[in-house]
Amino acid sequence: MKEYRVGIIGGTGMVGQRFVTLMEGHPWFRLTAIAASGRSAGKTYEEAVANRWAMDAPIPQEARDLVVLDAQADAEKLAGTVDFAFCAVDMNKEEIKALEERYAKLECPVVSNNSAHRWTPDVPMLIPEVNPEHTDVIQYQRKRLGTTRGFVAAKPNCSIQSYAPVLSAWKEFEPYEAVATTYQAIS
């Protein structure tokens, strides 16, 4: 089985930290690069998150000594050393769109945890169990961006991920109404 080299853009924030913990011991993914803001760049990951590690588990060993790259200035370096990247940056939507498309144009596939591209027509918003066919729009995005390998794919809002697979399973029963209530906290 192929092991994929993974980068995390925005790896020092809370969502980025969660991505780091999810990579630990993963059978398909090996964390090879972490990027964050210029404040963290040049430090080891352990140094960069020392006073703000928010996860219950300790910092994974394979992440501790990785030197954090600058998400903006070192985009070429990260893109050139990974098979794809997860993105969890904390910026305004236009900056996120520009950054994610920059990585895509560097031929780095980006799986975004951000909402910036959720309404971009040629960016698939995926729940693999529900709409894997939405990846078909990537060919149009690649034409727009001028890429052969790079693209951006987004995940939907975290609340919808919990009930969309169930609703998808019910499609054959043709439900006429569903009510969902979410209570979201500030991270």
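A residue counts as buried when its relative accessible area is under 20%. By that cut-off Asp-122, at 10% relative accessibility, is buried. The structure described here is a predicted model. Its strands form an open sheet of 6 members with parallel pairing, it holds 7 salt bridges, and a search of the whole structure finds 0 disulfides. The points below take up the sheet, one helix, the charged side chains, the cysteines and a loop residue in turn.

**The sheet**

- The order of the strands across the open sheet is S3-S2-S1-S4-S5-S6, and the pairing is parallel.
- Strand S3 and strand S6 (152-154) stand at the edges with a single partner strand each, so one side of each has no neighbour in the sheet.
- Strand S2 (residues 29-36) and S3 run parallel and are joined by 2 bridges.
- Asp-70 in S3 is the bridge partner of Ala-36.

**Helix H1**

- Helix H1 covers residues 14-23, and its buried residues are Gly-16, Gln-17, Phe-19, Val-20, Thr-21 and Met-23.
- These buried residues pack against three strands of the sheet, namely S1 (4-9), S2 and S4 (84-87), and also against helix H2 (45-48) and helix H3 (61-64).
- Gly-25 follows H1 and has a positive phi, near 65 degrees.

**A network of salt bridges**

- Side chains of opposite charge can pair when their charged atoms come close.
- Glu-101, Asp-122 and Arg-144 are linked in a network of salt bridges.
- In one of these bridges, Arg-144 pairs with Glu-101, and the closest N and O atoms are 3.1 Å apart.
- This pair links distant parts of the chain, with Arg-144 in helix H6 (residues 138-145) and Glu-101 in helix H5, 43 residues apart.
- Arg-144 also meets Asp-122 in a salt bridge, at 2.6 Å from N to O.
- Here too distant parts of the chain are linked: Arg-144 belongs to H6, while Asp-122 lies 22 residues away in the loop between strand S5 (110-112) and H6.
- The members of the network vary in their exposure: Arg-144 is partly exposed, with a relative accessible area of 42%, whereas Glu-101 is buried at 17% and Asp-122 is buried at 10%.

**A salt bridge within helix H5**

- The side chains of Lys-97 and Glu-94 form a salt bridge, with 4.0 Å between N and O.
- Both residues belong to helix H5 (residues 93-105), where a spacing of 3 residues separates them by about one helical turn.
- Lys-97 is partly exposed, at 26% relative accessibility, and Glu-94 is exposed, with a relative accessible area of 56%.

**Asp-70, a buried charged residue without a salt bridge**

- Asp-70 lies in strand S3 (residues 69-70).
- Asp-70 is buried and has no salt bridge, as the nearest side chain of opposite charge, Arg-102, is 7.1 Å away.
- A salt bridge requires the nitrogen and the carboxyl oxygen to be within 4 Å.
- A polar atom of the Asp-70 side chain does lie 3.0 Å from the backbone nitrogen of Ala-73.
- Beyond its neighbours within four places in sequence, Asp-70 is in contact with Ala-35, Ala-36, Gly-38, Ala-41 and Ala-75.

**Cysteines**

- The whole structure contains 0 disulfides.
- The sulfur of Cys-87 has its closest cysteine sulfur in Cys-108, and the 9.8 Å between them is too far for a bond.
- A disulfide would need the two sulfur atoms to be within 2.5 Å.
- Cys-87 is buried, with a relative accessible area of 1%, and Cys-108 is buried at 0%.

**Ile-127 in the loop between S5 and H6**

- Ile-127 is located in the loop between S5 and H6, the loop that also holds Asp-122.
- Ile-127 is buried, with a relative accessible area of 12%.
- The C-alpha atoms of Ile-127 and Asn-114 are 14 Å apart, and the two residues are 13 residues apart along the chain.

Definitions and conventions. Residues are numbered from 1 along each chain as its sequence is written. This is a predicted model: local features need pLDDT of at least 70, side-chain atom pairs count only at pLDDT 80 or more; totals for chains, interfaces and linings use all residues. Side-chain values use heavy atoms; hydrogens and water are left out. Helices (H or I, at least four residues) and strands (E, at least two) are DSSP runs, numbered from the N terminus. Buried means under 20% relative accessible area, exposed over 50%, partly exposed in between (1.4 Å probe, protein chains only). Lys and Arg count as positive and Asp and Glu as negative; His and the chain ends are not counted. A polar contact is a pair of N or O atoms within 3.5 Å; within protein, one must be able to donate a hydrogen and the other to accept it, and residues adjacent in sequence count only if both atoms are side-chain atoms. Contact means heavy atoms within 4.5 Å. Two strands pair if DSSP finds at least two bridges between them.
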